[in-house]
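Here is a friendly note to read with the model open beside you. Take the points in order, and find each part on screen before moving on.

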Amino acid sequence: MLSLAPLTAQQQPAAQQSTEPQVKVNVLNVCTPSGEEQKEIASALARIPKQPLFTTDFEITRGRSTLTDMPSFMPAGTNGHVAGEPSVASYVRMRREFSVQATFASVQYSFSDDGQNMIETLVLHVRDPKDLIEVSLEDTASSVAAAEAMLTSPAAASRVRLERFGKSSIALARCQASLEGPAPDQTAYEPLFRGASEVLGNYRNLLGVKMMVPEELAKISASTKAKDASRPKPAKPK
């Protein structure tokens, strides 16, 4: 019986360890994706219809949102500073459905401005996701200029992301120099950035965002000013 005691003591920790959940972490190489990942990005961009047929239904929403976390649109290697205090972003979103049995079922466009950065995002959802689920394209700009200036300038996609079914995501982003080193050479990925920019610019026109976004942002600004004017002003000290 004494000889069995050490064996029992060794079995108990092993049994306890097997009940602990396993954590798997996938790190996306957004600056220099592999050759196979580049092919998947190019294939997904090529499948996006240039002249889609939309249904008559559509959805447009606008509002303001409080941001407390690091913006997800900031690309890797950016030396940006995010203040500890939350910022408020005005946003406009539009959604359209494709009317035929194509690869993609719907497209959603969004534009947001938090006073420091403007970002537009185009997301296309696959109708029958077997491998690919959605394609997301992003373009960012400083909000020193007006939204009209960004939307009338040529689109310059800074990030492409593929969400895949049962697999990790694939992403490509513009990467800048950081404290760890200089900016990586992304010359080989210029055709992908150019293709993504063409898609984004085309859907700007198809969805009419050049007029719609500034109009909706103006309504948000007018509503905010009206609320501020209706608030009672503090009494002046005598």
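1. A residue is called buried when its relative accessible area is under 20%, and exposed when that value is over 50%. By this rule, 34% of the 238 residues of the chain count as buried. Please keep in mind that you are looking at a predicted model.

2. Start with the overall plan. The chain has five helices and seven strands. Walking from the N terminus, you meet the elements in the order α-α-β-β-β-β-β-α-β-β-α-α. How do contacts spread along the sequence? Among those between residues at least 6 apart, 62% join residues at least 24 apart.

3. Now look at the sheet. Its seven strands are ordered β1-β2-β3-β4-β5-β6-β7, the sheet is open, and the pairing is antiparallel. Which strands stand at the edges? They are β1 (residues 54–67) and β7, and each has a single partner strand, so one side of each is left without a neighbour in the sheet. From one strand to the next, the twist averages 15 degrees.

4. Let us follow the pairing from the β1 side. Eleven bridges hold β1 and β2 together in the antiparallel sense, and here G63 sits opposite Y91 of β2. The next pair, β2 and β3, is also antiparallel, with eight bridges. Y91 turns up again in this pair, where its bridge partner in β3 is S112. Between β2 and β3 there are five residues, and the two strands form a hairpin.

5. Towards the other edge, β5 and β6 run antiparallel and are joined by six bridges. One partnership to find is that of E138 with R159 in β6. Four bridges then link β6 to β7, again antiparallel, and R161 has A171 of β7 as its bridge partner. The hairpin of β6 and β7 has five residues between its strands, and in it G166 takes a positive phi near 75 degrees.

6. Is one face of β7 covered, or both? Both are: I170 and L172 are buried on one side, while A171 and A173 are buried on the other.

7. Helix α2 is a good place to practise some reasoning. It covers residues 35–46, and at 1.5 Å a residue its twelve residues should span 16 Å; the end C-alpha atoms are 17 Å apart, which agrees. Which residues of α2 are buried? They are I41, A44 and L45. Seen down the helix axis, these buried residues fall within an arc of 100 degrees, so they line one face of the helix. A general rule helps here: an α-helix has 3.6 residues a turn, so residues three or four places apart point the same way. On the other side of α2, E36, K39 and A46 are exposed.

8. What do the buried residues of α2 pack against? Their partners are β3 (104–113), β5 (132–142), β6 (159–164), β7 (170–173) and α4 (190–207).

9. Move on to the largest nonpolar core, which has 41 residues; F111, L122 and Y203 touch the most other members. The element that gives the most to this core is α4, with seven residues. There is also a second, separate core of five residues, and V30, C31, A171 and A173 are among them. You have already seen A171 and A173 as buried residues of β7.

10. Finally, zoom in on two residues. Leaving aside neighbours within four places in sequence, F111 is in contact with S90, Y91, V92, M118, I119, E120, A147, M150, L151, V213 and L217. The other residue is S110, which lies in strand β3. Is S110 buried or exposed? Its relative accessible area is 17%, and because buried means under 20%, S110 counts as buried. Not counting residues up to four places away in sequence, S110 touches V92, R93, I119, E120 and T121.

Technical notes
Residues numbered from 1 in each chain as written. Predicted model: local features only at pLDDT ≥ 70, side-chain atom pairs only at ≥ 80, totals over all residues. Heavy atoms only, no water. Expected span 1.5 Å × (residues − 1). Buried < 20%, exposed > 50% of the residue type's maximum accessible area, 1.4 Å probe, protein only. Arc of directions from axis to C-beta. Contact = heavy atoms within 4.5 Å. Pairing = 2+ DSSP bridges. Axes fitted to C-alpha atoms, helices over the stretch in contact; angles between N-to-C directions. Core = buried A, V, L, I, M, F, W, Y, C linked by side-chain atoms within 4.5 Å.
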